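Colleague: I am new to this one. May I ask how you arrive at your labels?
Modeller: Please do. Here it is.

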Amino acid sequence: MAQEDVFKKIISHCKEYGFVFPSSEIYDGLGAVYDYGQCGVELKNNIKRYWWDAMTLLNENVVGIDSAIFMHPTIWKASGHVDAFNDPLIDNKDSKKRYRADVLIEEHLAGIDDKIAREVEKASRRFGASFDEEQFRTTNPRVMEYQAKRDEVHSRFAKALNDNNLEELRQIIIDTEIVCPVSGTRNWTEVRQFNLMFSTEMGSTADGSTRIYLRPETAQGIFVNFLNVQKSGRMKVPFGIAQIGKAFRNEIVARQFIFRMREFEQMEMQFFVRPGEEIEWFRKWKDARLRWHKAMGLGDAKYRYHDHDKLAHYANAATDIEFEMPFGFKEVEGIHSRTDFDLSQHEKYSGKKIQYFDTELGQSYTPYVIETSIGVDRVFLSILSGAYSEEQLENGESRVVLKLPAELAPVKLAVLPLVKKDGLAEKAEEIMNMLRFDFRCRYDEKDSIGKRYRRQDAIGTPYCITVDHETLQNDTVTIRHRDSMAQERVPVTELNSIISEKVNIKNLLKKIIN
Ligand code: ATP
């Protein structure tokens with residue numbers, strides 16, 4: 001199945017089974033805003049719990065906070081967001097569609113990369129085992145021509161971004177003959193900067209209202225609370241502050257379901273270190289974060305690092321963790337070494353001293369910061385993309401199954417009486433009452449047992465417990481495993497321990513510590 005079709009199927013599956021709904025749907029929706037349904041909210045909460053525990057239980061020097069969404073407007077001046085949190089936008093005059101100029105150029109570069117990859121693949125098939133890719137890339141005239149073109153566009157593009165040269169961005173689009181995918185024309189407007197922050201008014205106008213912003217990231221709430229947490233928690237550098245919360249960005253192009261939303265949720269951690277030790281800590285967090293992702297078992301090959309060669313002026317190292325979504329490898333998490341930029345800026349703009357006295361060194365300094373910043377919604381999408389599977393069964397039927405990590409699945413088990421009569425329903429209810437305190441359980445007695453299994457497969461329930469006539473005789477049930485569909489007979493009294501062993505988030509946490 002084409003990856004595009006897989007993505008469409010995931011989106012409709014999310015809606016059909018209560019994971020994600022378009023926001024305000026009965027009013028025809030609101031662009032790039034989504035609601036999480038009954039299954040979605042459970043999965044999302046489990047992702048947040050997994051991250052929170054990985055940060056605050058596995059590291060005794062990482063503590064959490066929950067800061068407000070509204071903050072003093074000067075914070076966004078200090079952080080650079082008022083002046084520089086912009087995307088370059090361009091419109092096509094014929095289709096009236098709006099695009100990010102940088103994304104159009106990036107897609108053009110990716111198109112050249114694809115052409116090169118196709119040539120390499122063709123040649124590798126032709127030459128078989130004797131194929132030397134390196135030699136082919138450096139000698140084949142067609143590949144060399146593509147590569148030269150790519151390098152030229154790439155270096156112009158990098159320079160234009162660095163110099164903030166909007167005219168040059170437009171010129172690259174014209175020179176490379178990029179057309180609008182909708183109208184097919186090259187009738188482009190000028191490129192303009194567009195600030196991504198949403199703003200609103202606080203206070204009534206009569207009193208003199210203040211323009212404030214909806215936070216575009218949660219990190220600033222951590223920076224401005226650095227001293228509060230350090231002092232009240234008696235924290236010693238190195239230490240970290242973690243936070244989960246909503247962030248808002250008025251994204252220009254928001255077409256990839258929950259990958260790019262205007263209201264989304266971030267999980268961020270700022271780790272404060274001694275100046276000079278930041279690169280060592282950057283490496284540690286880079287490793288630790290990839291382990292967190294891989295522990296979910298979606299497939300190690302689906303992850304890769306993307307180290308930044310163009311760094312923000314305040315950063316001295318940066319990498320993204322990318323996941324192979326149905327629409328290609330995309331950023332899920334960013335890890336940045338941000339030097340002392342943020343704390344120094346807040347010191348400057350607030351006029352308050354933000355320093356740490358290091359008793360071991362006997363001196364004060366502004367700590368350096370390693371930031372790990374991850375979108376809950378993008379993790380959600382990576383899990384759905386990795387877990388969605390259509391299977392042809394031996395009996396000729398097919399099933400859609402979400403192979404979610406059992407520890408994160410919204411519903412852990414379903415209790416299913418084989419038939420409603422003969423006291424099986426009552427026995428099933430008794431089992432539900434025994435298990436509901438520890439696990440999110442579903443009870444289902446409608447339709448054939450096969451259909452009921454399918455319903456649970458579709459929401460990723462790892463275990464189905466079937467109550468049959470034998471249950472009444474010897475107090476045993478069958479457990480059916482979602483992925484293998486294997487069934488085993490176990491005593492009712494052992495259910496709790498069998499299931500807890502499999503669904504506890506602790507399992508994931510144990511995988512990520514060395
Ligand atoms: P992109 O380049 O994809 O716009 P970014 O580099 O601007 O992302 P950061 O500012 O580093 O993203 O934000 C950290 C994390 O927050 C991202 O890795 C991503 O998981 C998440 N995130 C950022 N923007 C969005 C969005 N519009 N919708 C959903 N998640 C987002």
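Colleague: What makes the side chain of Gln-266 a polar contact of the ligand?
Modeller: First, this is a predicted model. An N or O atom in the Gln-266 side chain is 3.2 Å from a ligand oxygen atom. The cut-off for such a pair of N or O atoms is 3.5 Å, so the pair counts as a polar contact.

Colleague: How do you know that Arg-260 has a polar contact with the ligand?
Modeller: The reasoning is alike. A polar side-chain atom of Arg-260 lies 2.7 Å from an oxygen atom of the ligand. That is within 3.5 Å, so the pair counts. For Arg-249, the distance from a polar side-chain atom to a ligand oxygen atom is 3.0 Å. This pair is within 3.5 Å too, so it is also a polar contact.

Colleague: How much of the ligand does the protein bury?
Modeller: The protein buries 83% of the 600 Å² that the ligand exposes when taken alone.

Colleague: Which elements give two or more residues to the shell around the ligand?
Modeller: Strand 10 (263–273), strand 13 (328–337) and strand 16 (368–375) do. Strand 13 gives the most, with four residues.

Colleague: Which residues come nearest to the ligand?
Modeller: There are 15 residues around the ligand, and Glu-251, Arg-260, Met-261, Glu-331 and Val-332 come nearest. By kind, the shell holds six charged, five nonpolar and four polar residues.

Colleague: Now the helices. Why are helix 7 and helix 8 called roughly antiparallel?
Modeller: Helix 7 (residues 141–162) and helix 8 (residues 166–175) pack at about 160°, with axes 9 Å apart. Angles over 145 degrees count as roughly antiparallel, so this pair earns the term. The crossing of helix 7 past helix 8 is left-handed.

Colleague: What makes helix 2 roughly perpendicular to helix 13?
Modeller: The axes of helix 2 (residues 38–56) and helix 13 (residues 376–387) cross at roughly 110° and come within 10 Å. The range for roughly perpendicular is 65 to 115 degrees, so the term applies to helix 2 and helix 13. Their crossing is right-handed.

Colleague: Which peptide bond is cis, from Val-237 to which residue?
Modeller: The bond from Val-237 to Pro-238 is cis, with omega near 5°. Most peptide bonds are trans. Pro-238 sits in the loop between helix 10 (226–232) and strand 9 (239–248).

Colleague: What is the phi of Asp-28, positive or negative?
Modeller: Asp-28 has a positive phi, about 75°, and is not a glycine. Most residues other than glycine have a negative phi. Asp-28 lies in the loop between strand 1 (20–22) and strand 2 (34–36).

Terms used:
Residues numbered from 1 in each chain as written. Predicted model: local features only at pLDDT ≥ 70, side-chain atom pairs only at ≥ 80, totals over all residues. Heavy atoms only, no water. Near = heavy atom within 4 Å. Polar contact = N/O pair within 3.5 Å; in protein donor to acceptor, adjacent residues only side chain to side chain. Areas by Shrake-Rupley, 256 points an atom, 1.4 Å probe, with all protein chains shown as cover. Nonpolar A, V, L, I, M, F, W, Y, C, P; charged D, E, K, R; others polar. Axes fitted to C-alpha atoms, helices over the stretch in contact; angles between N-to-C directions. Left-handed = near helix turned anticlockwise from the far one by under 90°. Parallel < 35°, antiparallel > 145°, perpendicular 65-115°, else oblique.
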